[in-house]
Each structure stands twice: as structure tokens, then as C-alpha cells.
Amino acid sequence: MKHLTEEIWMEIPKRRGIVSLQAEVERLVKASRVREGMVLINAMHITASVFINDNESGLHADYERWLESLVPFHPGTEPETGGYLHNRTGEDNADAHHKRQIMGREVVIAITQGKLHLGPWEHIFYYEFDGNRRKRVLVKIIGD
Amino acid sequence: MKHLTEEIWMEIPKRRGIVSLQAEVERLVKASRVREGMVLINAMHITASVFINDNESGLHADYERWLESLVPFHPGTEPETGGYLHNRTGEDNADAHHKRQIMGREVVIAITQGKLHLGPWEHIFYYEFDGNRRKRVLVKIIGD
Amino acid sequence: MKHLTEEIWMEIPKRRGIVSLQAEVERLVKASRVREGMVLINAMHITASVFINDNESGLHADYERWLESLVPFHPGTEPETGGYLHNRTGEDNADAHHKRQIMGREVVIAITQGKLHLGPWEHIFYYEFDGNRRKRVLVKIIGD
């Protein structure tokens with residue numbers, strides 16, 4: 001069994017942002033020389049997601065608005081006024097820990113005949129919910 | 001390492017619908033002759049999900065109602081009136097791209113002693129959020 | 001290819017609860033002697049989740065409140081009054097089948113150099129949404 005492991009460092013220069021991982025994952029699949037297998041791509045931080053959806057800026061703006069409506073950013077610590085108990089730790093990122101559950105931690109993609117086996121519009125993204133600092137995405141490939 | 005790859009084509013003759021994938025995945029696991037491994041099952045389209053939950057029609061109707069309440073279908077393009085920026089591309093399926101994030105793109109299931117290793121009520125489904133056209137589900141099996 | 005399969009039995013003595021799986025999964029990865037591979041950890045029941053997020057009790061209480069706001073427990077069967085069609089089966093756990101979709105069925109984690117390859121704050125949890133009975137979590141490890 002072949003394998004390849006790589007941590008991709010990134011820093012989003014604002015609180016939230018969506019960044020394509022597609023080219024980098026394609027490069028790593030090629031480098032692994034795996035012909036048949038699977039690749040796992042996951043955020044290594046619990047205030048970020050990896051997801052697969054459309055490469056379309058309007059949709060990404062819709063996600064922003066939607067996630068904010070489901071779980072608003074609020075630096076407060078009192079549930080009665082819309083705050084989060086988690087923020088009593090001194091953080092202000094409780095909303096980010098919730099948003100990442102909606103969008104997901106990881107994706108697993110098949111590798112077939114040496115290539116990512118994706119549908120025509122599937123595109124791999126990193127979603128940062130609490131940026132302005134360096135974070136990592138893990139790519140793990142196994143197969144033959 | 002053994003492997004098996006198959007794309008399952010399907011066409012749901014309406015906008016939304018839930019279809020069992022269980023028998024087809026069981027058949028493919030058997031055909032793969034993998035005794036110990038994993039199977040990945042994912043929608044190849046970004047307006048559909050693969051998920052595991054109860055094979056019970058009342059629950060499926062509850063999901064329909066719930067997802068519609070979290071992210072309503074709306075062909076409009078103006079956020080102020082409940083529409084989506086994504087629909088400015090000429091599509092009317094922005095809600096579908098959101099619903100699929102709640103229900104998930106993929107499932108990974110263990111194969112043990114040649115069989116799908118599922119709990120007693122676990123059942124594999126495809127969830128179409130923008131149908132009336134042909135789409136694909138990918139099944140990828142790896143193991144020994 | 002090496003492999004290891006284990007079902008972990010658990011009983012949460014109330015309707016809902018969050019329990020760490022970290023030590024047990026670490027133990028199994030070590031026992032598997034896999035150096036490079038993947039581990040799948042999934043709830044075998046459709047009213048429970050496995051997820052990775054912060055080991056912080058305030059956040060867990062926030063999740064409880066948030067999930068209840070998105071999909072309230074309601075033993076009723078009439079949608080018009082906030083109930084669920086699924087509860088016509090005689091169950092009262094329709095909300096649990098929804099909550100598990102938000103939090104997810106499974107996680108897949110890389111194994112690198114014989115260890116779980118997790119970020120600094122990633123912690124593996126079981127989330128019970130309909131407890132007071134024995135349930136299982138599956139751990140499946142494959143690799144070399």
C-alpha cells in the first residue's frame with residue numbers, strides 16, 4: 001500500500017473566508033503515485049471546515065449569510081442575550097465551532113486510475129470561521 | 001489491495017426525493033470480494049446527498065419539511081426578499097446547495113468479513129434536491 | 001494490509017449526553033499496529049453522532065441549546081403543532097434523527113507513524129440523542 005501525508009499551512013487574513021484546495025490536492029494525488037485508493041482531506045482546527053460544493057462566489061456569499069442566520073457571531077457569554085457559554089473561556093469564536101459542524105470537518109474522495117474521482121462541478125474548499133492566524137489542513141492518501 | 005469502482009446513474013422524476021441505495025451497495029461489496037476494508041459512497045453532484053438514517057417514510061417527510069424551514073426554495077436573487085445570490089447565475093437551485101450541506105455529501109462504511117458493517121437500523125439513502133435530470137452516485141471499495 | 005475492527009458498547013443514563021472516545025480510539029490504533037492508514041469511527045445507531053470538536057463543557061452546553069432550537073424535542077405527531085410524523089411509529093425520538101444529521105454520523109482520521117493524526121484541539125466525541133439504552137460505536141482501522 002502506498003501512502004502520502006501532507007499538512008497544508010494557510011492563513012486567512014480575516015475572520016472568515018473560503019479558499020480552493022483543488023489544485024493542491026490534485027498535485028498531491030499525482031505525487032503519491034496512487035492509482036486506486038482514497039484521499040482524506042480534513043481541517044486540523046475545530047473552527048474550520050473542508051467541504052465540496054460549487055466554485056461560485058454568489059453561493060459562497062449565500063453560505064456566509066445563511067450560516068450567520070443559523071448561528072450568529074456574538075462575543076457575549078450570556079445565553080439569554082444571544083451569547084455563548086464557550087466564550088467564557090476568553091474566546092469569542094463559539095459561533096465558529098458551530099458553523100464548522102454544519103459545513104463538516106472532512107471529505108473523503110476516491111482516487112481512480114491515478115486521478116481524483118469527482119463529479120463535473122465538485123470542487124474542494126477550505127472554509128475558515130476564525131482566521132487571522134496560521135492553520136493547517138491535512139491531506140492523507142492511501143492506496144495502490 | 002482489492003478495489004472496485006462503480007458509478008450508479010439515477011434520475012429522480014421530480015425536484016426532490018429519497019431513494020434507497022442499500023441493495024445496490026450490498027451487491028457491489030459482494031462483487032468486490034473485499035473481506036476487510038472500507039466503502040465510500042458519495043453524490044457526484046453538488047445538489048444531492050448520501051446519508052444513513054431510518055428507512056421510515058414519516059421521518060423522510062419530516063426531513064423535507066425541516067430542510068425547507070432551514071433553507072427555503074426560492075427562485076429569487078435578492079437576499080432582502082428571501083432570494084439567493086447564486087440564482088443570479090440563471091439557476092434556481094441555491095437552496096439545494098445548502099440542503100446538501102446539512103445532509104452530507106458522503107458516507108464511509110466498514111466492510112467486515114465480506115459484509116457491510118452497519119447497525120441494525122442503518123440504511124443508506126440518496127437524497128435528491130434538484131432532480132428531473134440524470135445524476136450519479138459513486139461507490140468506491142478498497143481493502144483485502 | 002492490516003485491519004482492526006471493534007464495537008464499543010455504551011449506555012448513556014439519560015436522553016442526551018456527550019462522551020469522549022479519544023482514549024479508547026488511541027488504544028485501538030496502537031493495538032492495530034498500523035503505521036500508515038485510516039480509522040473510521042461511526043455511530044451504529046441512527047439517533048447518535050460521532051464528531052470532532054473542542055473538549056470544553058461550555059461549548060457542549062451551547063451545542064445542546066443550539067440543536068434544540070434548530071429541531072426541538074417534541075413527542076407529538078402533528079406537524080401543525082410542532083410534532084413529527086416519525087413519532088406516529090410509536091417513537092418519540094424524531095428530533096434525535098434530525099440532530100444526528102447536523103452533528104454527523106462518522107469521522108475518518110488519518111494514522112501517521114502509528115498515531116492518530118489530529119490537530120492540537122481535535123477531540124473525538126460520541127453524542128447521544130436518545131439514550132437510556134445500550135448502543136454501539138464502530139471503530140474500523142485499515143492500513144500498513
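## The A–B interface

Put chain A and chain B together and they bury about 2700 Å² between them, with 62% of that on carbon and sulfur atoms; buried area here is the accessible area (1.4 Å probe) that two parts lose on being put together, summed over both. On the chain A side, A:Met38, A:Trp66 and A:His117 supply 21% of the area buried against chain B, more than any other three residues. This is a predicted model, in which local features need pLDDT of at least 70 and side-chain atom pairs count only at pLDDT 80 or more, while totals for chains, interfaces and linings use all residues. Residues are numbered from 1 along each chain as its sequence is written, chains are lettered from A and ligands numbered from 1 in the order in which they are written, and side-chain values use heavy atoms, with hydrogens and water left out.

In terms of contacts (heavy atoms within 4.5 Å), 35 residues of chain A meet 32 residues of chain B. The polar side of things comes to 18 residue pairs in polar contact, both at pLDDT 80 or more. A polar contact is a pair of N or O atoms within 3.5 Å; within protein, one must be able to donate a hydrogen and the other to accept it, and residues adjacent in sequence count only if both atoms are side-chain atoms. H2(A) gives the largest share of the side of chain A that touches chain B, eight residues. By class, that side has 20 nonpolar, seven polar and eight charged residues; Ala, Val, Leu, Ile, Met, Phe, Trp, Tyr, Cys and Pro count as nonpolar, Asp, Glu, Lys and Arg as charged, and the others, Gly among them, as polar.

## Salt bridges

There are two salt bridges between chain A and chain B, a salt bridge being a side-chain nitrogen of Lys or Arg within 4 Å of a carboxyl oxygen of Asp or Glu. In one salt bridge, B:Arg105 pairs with A:Glu122 at 2.7 Å, N to O. Chain C and chain A also have two salt bridges, and there A:Arg105 forms a salt bridge with C:Glu122, with the closest N and O atoms 2.7 Å apart.

## How the copies are arranged

A turn of 120 degrees, with a shift of 0.0 Å along the axis, lays chain C on chain A with an RMSD of 0.0 Å; the fit is by least squares on the C-alpha atoms of residues with pLDDT of at least 70 in both. That is the relation of a three-fold axis. Within chain C, the C-alpha nearest the axis belongs to C:Ile102, 3.4 Å away from it. The copies use different surfaces, as 20% of the contact residues of chain C recur in chain A.

## Helix H3 and C:Lys99

Helix H3 of chain C spans residues 94-103, and ten of its ten residues are buried, so it is largely enclosed by the rest of the structure. Helices (H or I, at least four residues) and strands (E, at least two) are DSSP runs, numbered from the N terminus. Buried means under 20% relative accessible area, exposed over 50%, partly exposed in between (1.4 Å probe, protein chains only). Right after H3(C) comes C:Gly104, with a positive phi near 100 degrees.

C:Lys99 sits in this helix and is buried, at a relative accessible area of 0%. Its side chain makes a polar contact with that of C:Glu68 (2.7 Å). Beyond its neighbours within four places in sequence, C:Lys99 touches several other residues, among them C:Arg16, C:Ser49, C:Phe73 and C:Phe129.
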